[in-house]
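Open the model in your viewer and keep the sequence panel visible. The stops below say what to select and what is found there.

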Amino acid sequence: MSLFTTTAPSPSCQPAPTGSDSSPAVRPAYDVKETADAYALTVRLPGVAKDGLEITAEGGELRIAGRRNWKQPEGWTTLHRETSDVSFKLVLEHDARIDVEKIHADLKEGILSVSLPKAETLKPRKIAVN
Amino acid sequence: MRIINYTYPVSRSPYSGLEGEINRLFSSAFADFAGSTRAVNPQFAVDLYEDNDNAYVRAELPGVTREDIGVELVDGTLTIQASRRQPSANGGESTSFSRSLSVPGEIQADKVAAAYENGVLTVTLPKKEESKPRKITVSVK
């Protein structure tokens, strides 16, 4: 899934292809906005705290994995259940268009905001002609 | 005559999951054509649990500040409202959500507590004493 395809942000989670690890995962709702210097990625990860979150960037891919750490207490009878305990997994390809060293991420109240500065080579540059 | 509210428990039949998914698929597909309601009032996921002493409601509301969450209990119906403000180039937009659900049993309205953590709102509703399940032993003569 590319970071740059402008698909409409999906309001709900979708089952994600699990890939190499066999644990079930859902793709969280996310949104990418572009500014002159960077891409701003916003991912909705309800129920995920900082210790359950893992962000890795390797080989032109940005991977975000979030584990929900809520366990239903003993003695609670479920009357109606819409949420799930499945982990989140999001993989985005960025094709080296972002500067991996300068990625900055912030998790607040279940919303992960990642700022992905564009790689230097891609910024518009004036070329002087002799 | 009393009108009793039944909440059917989530059935464990092999079809219940699939039916639910297909219903949701249709409702979301048609919502795009119909436009209005879905976009104006998006839904958030809600869970309802109970144990002997309390009823619990969990709502997934990521990205909302505590001040923007409203929880109201009127006559056994709990209403959760939230508004999410998104700052954007043209002055910010805000979306509001609201969902009501009926809570089983008689609730002590003044002891209801709510906590918001990691984007999940948990409302604890203590049941009134007479509503708690009690064992009554009957001696048979």
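The tour starts with each chain alone, then moves to the place where the chains meet, and ends on a hairpin. Keep in mind throughout that this is a predicted model.

**Stop 1: the two chains**

Colour by chain and show secondary structure. Chain A contains zero helices and 10 strands, so in sequence order its pattern reads β-β-β-β-β-β-β-β-β-β. Chain B has two helices and seven strands; its pattern along the sequence is α-α-β-β-β-β-β-β-β.

Burial can be set beside this for each chain. In chain A, 21% of the 130 residues count as buried. In chain B, 19% of the 141 residues do. Now consider contacts with a sequence separation of 6 or more: in chain A, 50% of them join residues 24 or more positions apart, and in chain B the share is 48%.

**Stop 2: a sheet within chain A**

Select strands 3, 4, 9 and 10 of chain A. These four strands form an open sheet, ordered 3-4-10-9, with antiparallel pairing. Which strands stand at the edges? They are strand 3 (30-34) and strand 9 (104-108) of chain A; each has a single partner strand, so one side of each is left without a neighbour in the sheet. From one strand to the next, the twist averages 15 degrees.

Narrow the selection to strand 3 and strand 4 (residues 38-44) of chain A. Five bridges hold this antiparallel pair. To find the register, show Val32(A), which stands opposite Leu41(A) in strand 4 of chain A.

**Stop 3: Arg68(A)**

Go to strand 6 (residues 61-68) of chain A, where Arg68(A) is located. Is Arg68(A) buried or exposed? It has 21 C-beta neighbours inside 10 Å and therefore counts as buried, the cut-off for that class being 20 or more.

Show the residues around it. Apart from neighbours within four places in sequence, Arg68(A) contacts Gly47(A), Val48(A), Gly52(A), Asp85(A) and Ser87(A). For a distance label, pick Gly52(A): the C-alpha atoms of Arg68(A) and Gly52(A) are 6.7 Å apart, with their positions 16 residues apart in sequence.

**Stop 4: Val86(A)**

Next select Val86(A), in the loop between strand 7 and strand 8 (87-93) of chain A. Val86(A) has 15 C-beta neighbours inside 10 Å and so counts as partly exposed. Leaving out neighbours within four places in sequence, its contacts are Pro24(A), Ala25(A) and Val26(A). Val86(A) and Pro24(A) are 62 residues apart in sequence, yet their C-alpha atoms are 6.6 Å apart.

**Stop 5: the contact between the chains**

Select the residues of each chain that touch the other. Chain B gives 21 residues to the contact and chain A gives 19. On the chain B side, strand 1 (46-50) and strand 2 (54-60) are the elements that give two or more residues. Strand 1 of chain B supplies the largest share, five residues. Coloured by residue class, the chain B side divides into 12 nonpolar, four polar and five charged residues.

**Stop 6: a sheet that spans both chains**

Keep strand 1 of chain B selected and add strand 7 (residues 77-80) of chain A. The two run antiparallel and are joined by three bridges. Thr77(A) stands opposite Glu50(B), and His80(A) has Leu48(B) as its bridge partner.

Now extend the selection to the whole sheet. Five strands form an open sheet in the order 7(A)-1(B)-2(B)-7(B)-6(B), with antiparallel pairing. At the edges are strand 7 of chain A and strand 6 (113-117) of chain B; each has a single partner strand, so one side of each lacks a neighbour in the sheet. Ignoring direction, neighbouring strands of this sheet are turned by 20 degrees against each other on average.

**Stop 7: a hairpin in chain B**

Finish at strand 3 (residues 69-74) and strand 4 (residues 77-86) of chain B. Six bridges link the two in the antiparallel sense. Ile69(B) stands opposite Ala82(B) in strand 4 of chain B. Two residues lie between the strands of this hairpin, and Asp75(B) takes a positive phi near 55 degrees.

How many of the six residues of strand 3 of chain B are buried? The number is zero, so this strand lies largely in the open.

Notes: Residues numbered from 1 in each chain as written. Chains lettered and ligands numbered in written order. Predicted model: local features only at pLDDT ≥ 70, side-chain atom pairs only at ≥ 80, totals over all residues. Pairing = 2+ DSSP bridges. Axes fitted to C-alpha atoms, helices over the stretch in contact; angles between N-to-C directions. Contact = placed C-beta atoms within 7 Å. Nonpolar A, V, L, I, M, F, W, Y, C, P; charged D, E, K, R; others polar. Buried ≥ 20, exposed ≤ 12 C-beta atoms within 10 Å, placed from the backbone.
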